[in-house]
Amino acid sequence: MAPKQQGGRVVTQQTRSLLNISVNILGIQLLSTSFGYKMDTLSYLPVQPGVGMEENFLSLDDILLSHERLPIRTECSFPRLGFLEKSSDTKDITEGTKMELPLWLSKGLYEKKRRVLSVELPKIYKEGWRTVFNADPNVVDLHKMGPYYYGLGSQMLHFDSPENPEIAQTLLQTFIGRFRRNMDSSQNAYNEDTSALVERLDCLEKALFTSGQSGLNSFQSWEKGQASQLTASSLVLNYRKRKINDLQP
Amino acid sequence: MEALYEQNQTDVNEAKADGRAELIPSIKLRHCCLLRNQRCLTAYLYDRLLRIRALRWEYGSVLPANVRFHMCAEEVQWFTHYKKSLASFMRSLGGGEGLDITQDMKPPKSLYIEVRCLKDHGEFEIDDGTVILLKKNSQHFLPRWKCEQLIRQGVLEHVMS
């Protein structure tokens, strides 16, 4: 009995450490978006997400991307890891269980000989949705389809599904189809509320949109003659705003 | 992470000793978790370093106390090393005389610029010895290179006519 109880204590520590890391990830997300110093100055160059099938190890965007869950069917059993599966109370995970595992775990455990896992395609990459994308890419709300449509799609190509060429083709065609409209809107929406334009975009498209907007804003300020005006750094401005907020009760 | 590692160790020993090869997938899974934790931590620390590096270019060599409060000792050490490397690099440019590359972030249009003071900063001395008192809302016509640092810190404001 004693070793089993000890195993239980260690198990909760494990889950807690896993949870801590996931909380850290959310902390990173908050850090870069709202609360901390908003560093969109030229001196802060964060690590870009990887292009195509490769991920950048240090890129925060890639880490968030690989947090997405995929439907998995286990091909072999995992002894002593039964606590990971919430639906059953067994001590180990038996062969042939259907679970949802995050991308990083699936990628790590996947082997060519299919001994360990088999990954099922999420429904947005399957036949039905593929025809929708081929019909008209502009209509689809890619943010709702998982905010990392292109990134996750590129990573799915690692799992040797027989439909890989079609998936790759659909990804490419969707991007091409939507690109014209995204580029147009990013280059022409000056000084207006862009939330309606941005809400249906996937993360990759959002990054492109923001860089287009910053280019447009710089060009407009150059035309107005504000380009030679020295400004306080954005850090200082945000810092001062935070200080005032701290002082006010 | 230590808990994961210990569990893996016991399993590896058991697998080797008893020949229970079925424990191997669990070992692999825990190993994946360890690698993932390591990746998240290194990415977080690296991002912090990138932001600290940006602070040197935005704020200058001396960081305000609250910012330094949030940095750990190793980060402060890294910052001083980076400052030193940057300074020695700048000294080596410009034919032995040194060139301050943190100045002139935007191409300069004139030698002297019109500035307005946003808050009291006390007295400020320029190259030919005259002392200027920086009071709130006072306007001055000052050489560009002296004011750039203060403008970036938000003390002065560049006024374009």
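This report describes aromatic pairs, a sheet, a helix and the cysteines in a predicted model.

## Aromatic rings

Over all chains, the structure holds ten aromatic pairs. One of them joins A:Tyr150 and A:Phe175, whose rings meet edge-to-face, with 5.4 Å from centre to centre and 90° between the planes. This pair links distant parts of the chain, since A:Tyr150 belongs to helix α5 (residues 149–156) of chain A, while A:Phe175 belongs to helix α6 (residues 164–188) of chain A, and the two residues are 25 residues apart.

The two partners also have their own values for accessibility: A:Tyr150 counts as buried because its relative accessibility is 7%, whereas A:Phe175, at 24%, counts as partly exposed. Both residues belong to a cluster linked by ring pairs, which also takes in A:Tyr125, A:Trp129, A:Phe133, A:Tyr149 and A:Phe179.

## The sheet in chain A

Strands of a sheet pair through backbone hydrogen bonds, and this pairing may be either parallel or antiparallel. In chain A, three strands form an open sheet with the order β2-β1-β3, and the pairing is antiparallel. The strands β2 (98–102) and β3 (117–119) of chain A stand at the edges, where each has a single partner strand, so one side of each is left without a neighbour in the sheet. From one strand to the next, the twist averages 45°.

Strand β1 (residues 69–74) of chain A pairs with β3(A) in the antiparallel sense over three bridges. Across from A:Ile72 stands A:Val119, which lies in β3(A).

## A helix in chain B

Helix α2 (residues 24–59) of chain B has 36 residues, and at 1.5 Å a residue it should span 52 Å; its end C-alpha atoms are 52 Å apart, which agrees with that expectation. Just after α2(B) comes B:Gly60, which takes a positive phi of about 100°.

## Cysteines without disulfides

How many disulfides does a search of the whole structure find? The search finds zero over all chains. A:Cys203 is in no disulfide, and the nearest cysteine sulfur, which belongs to B:Cys40, is 17 Å away. With a relative accessibility of 26%, A:Cys203 counts as partly exposed.

For B:Cys32, the closest cysteine sulfur is that of B:Cys33, but the distance of 6.9 Å is too far for a bond, because a disulfide needs two cysteine sulfur atoms within 2.5 Å. B:Cys32 is buried, with a relative accessible area of 10%.

Conventions. Residues numbered from 1 in each chain as written. Chains lettered and ligands numbered in written order. Predicted model: local features only at pLDDT ≥ 70, side-chain atom pairs only at ≥ 80, totals over all residues. Heavy atoms only, no water. Phe/Tyr/Trp six-rings, centres within 6.5 Å; stacked < 30°, edge-to-face > 60°. Helix = DSSP H or I, 4+ residues; strand = E, 2+ residues; numbered from the N terminus. Buried < 20%, exposed > 50% of the residue type's maximum accessible area, 1.4 Å probe, protein only. Expected span 1.5 Å × (residues − 1). Pairing = 2+ DSSP bridges. Axes fitted to C-alpha atoms, helices over the stretch in contact; angles between N-to-C directions.
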